[in-house]
Amino acid sequence: MSKKERLVAAIENGTVIDHIPAGKTFQVVNLLELQKLATPVTIGCNFSSDKIGRKGIIKISNKFFSDDEISRLSVVAPNIVLNIIRDYEVVEKKKVVTPDELHGIVKCNNPKCITNNEPMPTIFNVVDKEHGILKCHYCDKEQYIDKVELCE
């Protein structure tokens, strides 16, 4: 596809988040708090994708994400790709990888866990990346990453 045929305008510098499962696009927006940015953000949903059927794409001008911010994305969309754009060209591609620990991103689904009864951040160990199994640091309750509720 030529640059003139793109469905979403090109950006000069910034980050393009690509291959987001279509239903997760706005979760990515909320997780990265993109609505709070002062720079232009373009959000596209339901684009055709050979890899995943329907995908979302987000273009953020003049914004580059830290590894910590990128690791947060793995909770909602573990196979997305970040394209780093400089002077209208892709200079780097980053695949989102689930970290070994998640801090303050996911709620524990155990109602008796201390994190649901005291004001403290959650910590989860990723015990099985292939199957997406998380284990609460405090109560040892396991849960699947695709069934988690995000912290607010």
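This is a short tour of the model, stop by stop, with a selection to make at each one.

**Before you start**

The structure is a predicted model, in which local features need pLDDT of at least 70, side-chain atom pairs count only at pLDDT 80 or more, and totals for chains, interfaces and linings use all residues. Residues are numbered from 1 along each chain as its sequence is written, and side-chain values use heavy atoms, with hydrogens and water left out.

**Stop 1: the two domains**

Begin by colouring residues 14–95 as domain 1 and residues 101–144 as domain 2; these bounds come from an automatic or database domain assignment. The C-alpha centres of domain 1 and domain 2 are 25 Å apart. Four residues from domain 1 and five residues from domain 2 take part in the contact between them, where contact means heavy atoms within 4.5 Å.

**Stop 2: the five-stranded sheet**

Switch to a cartoon view and pick out the strands. Helices (H or I, at least four residues) and strands (E, at least two) are DSSP runs, numbered from the N terminus. Five strands make an open sheet, ordered S2-S3-S1-S4-S5, with antiparallel pairing. At its edges are S2 and S5 (89–95), each pairing on one side only. From one strand to the next, the twist averages 20 degrees; the axes behind this angle are lines fitted to C-alpha atoms, for helices over the stretch in contact, and angles run from 0 to 180 degrees between N-to-C directions. As background, strands of a sheet pair through backbone hydrogen bonds, either parallel or antiparallel.

Now select residues 41–49 and 53–61, which are S2 and S3. Seven bridges connect S2 and S3 in the antiparallel sense; two strands count as paired if DSSP finds at least two bridges between them. A hairpin of three residues leads from S2 to S3. For a landmark, label Gly44, which faces Ile57 in S3.

Next, add residues 14–21 (S1) and 81–86 (S4), an antiparallel pair with five bridges. Here Asp18 has Val81 in S4 as its bridge partner.

**Stop 3: charged pairs**

Keep Asp18 on screen and show its side chain together with that of Lys55. The two form a salt bridge, with N to O at 2.9 Å; the term stands for a side-chain nitrogen of Lys or Arg within 4 Å of a carboxyl oxygen of Asp or Glu. Lys55 sits in S3 and Asp18 in S1, 37 residues apart. Are Lys55 and Asp18 buried or exposed? Both are buried, and the scale is this: buried means under 20% relative accessible area, exposed over 50%, and partly exposed in between (1.4 Å probe, protein chains only).

The structure has five salt bridges, so there is room for two more selections under that cut-off. Show Lys36 and Glu33, whose closest N and O atoms are 3.4 Å apart. Lys36 is exposed at 61% relative accessible area, while Glu33, at 40%, is partly exposed.

Then go to Asp100 and Lys129, another salt bridge, with 3.1 Å from N to O. Asp100 belongs to the loop between S5 and S6, and Lys129 to the loop between S7 and S8, 29 residues away in sequence. Asp100 is exposed, with a relative accessible area of 55%, and Lys129 is partly exposed at 44%.

**Stop 4: four cysteines**

Select Cys108, Cys113, Cys136 and Cys139, which an unreviewed UniProt entry lists under the feature "binding site". UniProt positions follow the numbering used here, feature names are shortened, and annotations may be inferred rather than shown by experiment. The four cysteines span 32 residues of sequence yet cluster in space, with a largest C-alpha distance of 8.8 Å.

Centre on Cys113, in the loop between S6 (101–103) and S7 (123–128). Cys113 counts as buried because its relative accessibility is 1%. Leaving out residues up to four places away in sequence, Cys113 touches Cys108, Cys136, Tyr138 and Cys139.

Move to Cys136, in strand S8 (residues 133–136). Cys136 is also buried, with a relative accessible area of 1%. Beyond four places in sequence, its contacts are Cys108, Cys113, Ile123, Phe124 and Lys141.

**Stop 5: a buried serine**

Finish at Ser74, in helix H2 (residues 67–76). What does Ser74 touch, once neighbours within four places in sequence are set aside? Its contacts are Val96, Val97, Thr98, Pro99 and Ile145. Ser74 is buried, at 1% relative accessibility.
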